[in-house]
Amino acid sequence: MNKHVQQAVESILNSIPELQLPINIESIAKSRGILIKPYPLGDDVSGLLAIENGKAVIGVNHTESKVRRRFTIAHELGHYELHREEGKLFVDKNFKMFRSQTSGNTPHNQRLEQEANAFAAAILMPEALVKQEAAKLEFDLGSEEAIQILSKKFDVSSTAMCIRLSKLGILD
Ligand SMILES: [Zn+2]
């Protein structure tokens, strides 16, 4: 992962006195001064980040599942923390997890989306906590039970958890 993405995530996580699972991503975003609003965004939009007069609003498609909405908030928070100098509006059209699908899919935009996804995964599934929870498991890490338990604990989708485990080199 990009070093500056990692650093942005760590500085936020380190500022929380007692980190508890699942990560309360809404309260983290609010603590950064961001307003979160459920939006009727239409079927093809998962979320957006709008910045107006220095005020940031994250819009979340309220028809999507809870794990998806959490990921959306984390992803938009990533745009805010990493890219707010780049523009005033980020709209995420059904971004497939860890794959960029922005309109105007230039290499530059792809990089922004990858960074926002990496930020989201790292903040929802902090490395130290994933390793700690994985070590506690009574099931084999590759088993369906183990993935179920971990994704519940972190309140993320099992796909997101599998990808995170393999990125961390815990699961191949
Ligand atoms: Zn995005």
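This report describes a predicted model of a protein chain with a zinc ion.

**Basis and confidence**

Residue numbers start from 1 along each chain as its sequence is written, and side-chain values rest on heavy atoms, with hydrogens and water left out. Because the model is predicted, local features need pLDDT of at least 70 and side-chain atom pairs count only at pLDDT 80 or more, while totals for chains, interfaces and linings use all residues.

pLDDT is the predictor's confidence in each residue, on a scale from 0 to 100. Its mean over the protein chain is 89, and 93% of the residues reach 70 or more. Helices (H or I, at least four residues) and strands (E, at least two) are DSSP runs, numbered from the N terminus. Among these elements, helix α2 (residues 25-31) has the highest mean pLDDT, 97, and β4 the lowest, 85. Over residues 96-102 the pLDDT stays under 50. The model has 21 contacts for this stretch beyond four places in sequence, a contact being heavy atoms within 4.5 Å. Where pLDDT is low, the predicted coordinates should not be read in detail.

**The zinc site**

Donors are N, O and S atoms within 2.8 Å of the metal (3.2 Å for Na, K and Ca); water is not among the atoms, so sites may look incomplete. The protein donors of the zinc ion are H75 (NE2), H79 (NE2), D92 (OD), D92 (OD) and E113 (OE), at 2.0 to 2.7 Å from the ion. Along the chain, the donors follow the spacing H-x3-H-x12-D-x20-E. D92 belongs to strand β4 (residues 89-92) and E113 to helix α4 (residues 107-124), so this pair ties together parts that are 21 residues apart in sequence. Both D92 and E113 are buried. Here buried means under 20% relative accessible area, exposed means over 50%, and partly exposed lies in between (1.4 Å probe, protein chains only).

Helix α4 also holds A116, which counts as buried at 0% relative accessibility. Leaving aside neighbours within four places in sequence, A116 is in contact with H75, H79 and H83. H75 and H79 are also among the zinc donors. The C-alpha atoms of A116 and E127, 11 residues apart along the chain, are separated by 17 Å.

**Packing of α1 on α4**

Helix α1 (residues 3-14) packs with α4 at an angle of about 35 degrees, and the axes are 9 Å apart. Axes are lines fitted to C-alpha atoms, for helices over the stretch in contact, and angles run from 0 to 180 degrees between N-to-C directions. The crossing of α1 past α4 is right-handed; a crossing is right-handed if the near helix is turned clockwise from the far one by less than a right angle, and left-handed if anticlockwise. From α1 the contact uses H4, V5, A8, V9, I12 and L13, and from α4 it uses E115, A118, F119, A122 and I123. By class, this contact has 9 nonpolar, 1 polar and 1 charged residues. Ala, Val, Leu, Ile, Met, Phe, Trp, Tyr, Cys and Pro count as nonpolar, Asp, Glu, Lys and Arg as charged, and the others, Gly among them, as polar.

V5, in helix α1, is buried at 1% relative accessibility. Not counting residues up to four places away in sequence, V5 touches L82, E115, A118 and F119. V5 and N109 are 104 residues apart in sequence and 16 Å apart in space, C-alpha to C-alpha.

**Loop residues**

Most residues other than glycine have a negative phi, and most peptide bonds are trans. The peptide bond from L21 to P22 is cis, with omega near -10 degrees, and P22 is in the loop between α1 and α2. N53 and D155 have positive phi values, near 50 degrees and near 55 degrees respectively. The table places four loop residues and gives their accessibility.

| Residue | Loop | Relative accessibility |
|---|---|---|
| S46 | between β1 (34-39) and β2 (47-52) | 0%, buried |
| N53 | between β2 and β3 (55-61) | 78%, exposed |
| S65 | between β3 and α3 (66-83) | 41%, partly exposed |
| D155 | between α6 (144-154) and α7 (158-167) | 15%, buried |

Two of these residues have C-alpha distances to distant parts of the sequence. S46 and K93, 47 residues apart along the chain, are separated by 5.8 Å. For S65 and S157, 92 residues apart along the chain, the separation is 9.7 Å.
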